[in-house]
Structure formats: C-alpha cells, structure tokens
Amino acid sequence: MMRKKVTIVGSGNVGATAAHWIAAKELADVVLLDVVEGVPQGKALDLLQAMPIEKRDCSIIGTNDYADTANSDVVVITAGIARKPGMSRDDLLTTNHGIMSKVVGEVVKASPNTIIIVVSNPLDAMAQTAFKHAGFPRERVIGMAGVLDSARFRTFIAEELKVSVENVTAFVLGGHGDTMVPLSRYSTVAGIPITELIAPDRLKELETRTANGGAEIVKHLKTGSAYYAPSAAAVEMVEAILKDKKKILPCAAYLQGEYGISGLYVGVPCKLGAKGLEQIIEIKLTPAEQAALQKSADSVKELCTVIGVA
C-alpha cells in the first residue's frame, strides 16, 4: 500500500512542527507548502535528514507549488499572520480571511477529495471561511480548537493535583478563545469528576487560565505565539482520520441544529474517522452551560458576519 499523503499549508512554526510530529509518528508522506520561496524546501530537507536517525520512512518535500499537493488525503491549513502581543484574534480576521479564501481555492483544485483541518486564527471564523469556499460537505472541513484547549485544561488540572496527565480527561465546548466553555463536571481524573477534587474557586481560576492559554504564551514569547501544542493537537486529529480511529475529540464543526445552533462552526465533541467528521456527540447541558455556549456561538457569528461568511 502507498503511504497516505498529508499537505501542510504554511511552513511557519505551527506548520513545520506539525510536519515534525507527523514524520516522527510515521503517519504519512508530508508536503510542506508556503508562499515564501526556500523556507518550506529548507525545513523539509532538514526534517527529511532526521529520518535516518529517527528510523522513520516517509517522504517530506517543501514546495511553493500546489501541484505538488495533488491528491492529498488530509490538508492542514496553518497559513496566516501570527498573533502578536496586544493583538486579539479578531485583529487577525480580515487578513487571514483573504489568505484562507485563496488557499482553499488552490487546495480544492489539487485535492478535490481531501479532508481539510483548519488551524489558522481566528479559528472558528477561518473554518467557516474554508467551508464556504471549499464547497465540501461539513464532514470534510473541521477546525482544530478543542483538542488544544482541552490539552491546556488537562495540563493545569494535572499540575494542580500532581497526577499524571494520562489520568486526566477534560471537556471544552464553544469557540476558540475567551468565550470557550470548559465543562468541569465532565472533566475527570481516573474517572473521578474534578469537581470533587478541586475547590470551586480554584477550578474557576484554572478555567480562566485555559481560556487565556494562548495569550499567556504570547505574553511570554513577546515575538510569537504557541506552536508545539497547537501542532500536536492538529496531528492528533490527522492521526484519528488516517487510522480511522473513530476517536471522540473536541473540534470546531459546522452545526445544523445540534445544541440549538445552526449554520456556524462551534466547538463540540466530534467522532473523527476515515470520512472526517463522522458524528457530532450531543450531551445535555445545564441552562448556564447552554447560555455560555450560545454566547460563544454569537461571538463566532459576529466575526463571520464581518467577513461575509455567516
């Protein structure tokens, strides 16, 4: 059998690190694409030369030409300008909308049967942009947000309780950013709800830190934004699709009445497999949680309306 093929559009820190994770896991052959000449070629060649050391067989090429991405099984889009200190996700909106529209048009021409994973920010609005321009069914355009947000929440819970991160599961709904909805009553440590292990006021602090997780890293770095965890999160989604894992992960999906929301990309629990989004899992929410999710969806709609994709 031929190896699967994954294209990553954007060879900045997130894109290049995603290529690294994919190659290290020997998941697929990788095409790293960027508009800047030389950068994807250099990073791809460097990564390719690491493969003998890592004892991994996969092809990694860098290119500026979408023709090289033809017939990709999955395309991960990280292209766009990065967030800078003091810049909100909303500030990225117009520029990244233009970039996303152009990228998706080229991706669809080269790989009409691919599954698209959107990583660019502001995430939910960029996923909506990709969906509108691709003309694909919703199953084949998915946004990466909740995997990252829940990983951040899991990290903080594990640190707080001094337990293995492997024991921690966390549940996050809603938009990627300040309006996300961490569901602590569905988050557990070895099956025990964290609401029984962490005091309510302290739990609220961890939830707030999770919602501001990206901004905290931007503040530290000063000249960049997070990329190890975001790229690892995208690759967990890629792996679930390529291996047909039927894995339930929190992702941004186009809702058609689920959770009382229609026509918008919002973070919900999704089953990912070979067809992409194979099922949206609906859970019962309290009135407060439903209100928070609706508020999150309203903020996504506001952004989508500005760029004409609502």
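In this predicted model, the loop between α1 and β2 (29-33) is the place of E26, a residue that has a positive phi of about 55 degrees although it is not a glycine. With a relative accessibility of 35%, E26 counts as partly exposed, because that class lies between the buried limit of under 20% and the exposed limit of over 50%.

A positive phi is also found at A190, which is likewise not a glycine and has a value of about 50 degrees. A190 sits in the loop between β10 (188-189) and β11 (192-193), and its relative accessible area of 56% makes it exposed.

A further backbone feature concerns the peptide bond from N121 to P122, which is cis, with omega near -5 degrees. The proline of this bond, P122, belongs to the loop that runs between β5 (115-118) and α5 (123-134).

The pockets can be taken next, beginning with the largest pocket, which has a volume of about 960 Å³. Its lining is made up of 42 residues, and those closest to the centre of the pocket are T78, A79, G80, I81 and A82. Two or more residues of this lining come from each of the elements α1 (13-24), α4 (93-110), α6 (146-161) and α8 (213-221), and α4 gives the most, with 5 residues.

The second largest pocket holds about 390 Å³ of space. It is lined by 19 residues, of which M180, V181, P182, K204 and E207 lie nearest its centre. At least two residues of the lining are supplied by each of β9 (181-182), α7 (200-211) and α10 (287-306).

The make-up of the two linings is set out below.

| Pocket | Nonpolar | Polar | Charged |
|---|---|---|---|
| Largest pocket | 19 residues | 16 residues | 7 residues |
| Second largest pocket | 8 residues | 5 residues | 6 residues |

As to annotation, an unreviewed UniProt entry lists residues 148-302 as "domain: Lactate/malate dehydrogenase C-terminal". Over residues 148-302 of the model, the chain is 43% helix and 24% strand, and the C-alpha atoms at the two ends are 23 Å apart.

Terms used. Residues are numbered from 1 along each chain as its sequence is written. This is a predicted model: local features need pLDDT of at least 70, side-chain atom pairs count only at pLDDT 80 or more; totals for chains, interfaces and linings use all residues. Side-chain values use heavy atoms; hydrogens and water are left out. On a 1 Å grid over the protein atoms alone, a cavity is a set of points where a 1.4 Å probe fits but cannot get out, and a pocket is an open set with protein on both sides within 12 Å along at least five of seven lines; lining residues have an atom within 4 Å of a point. Grid points are joined across faces, edges and corners, and a volume is the space filled by probe spheres set on the points. Helices (H or I, at least four residues) and strands (E, at least two) are DSSP runs, numbered from the N terminus. Ala, Val, Leu, Ile, Met, Phe, Trp, Tyr, Cys and Pro count as nonpolar, Asp, Glu, Lys and Arg as charged, and the others, Gly among them, as polar. UniProt positions are given in the numbering used here, feature names are shortened, and annotations may be inferred rather than shown by experiment. Buried means under 20% relative accessible area, exposed over 50%, partly exposed in between (1.4 Å probe, protein chains only).
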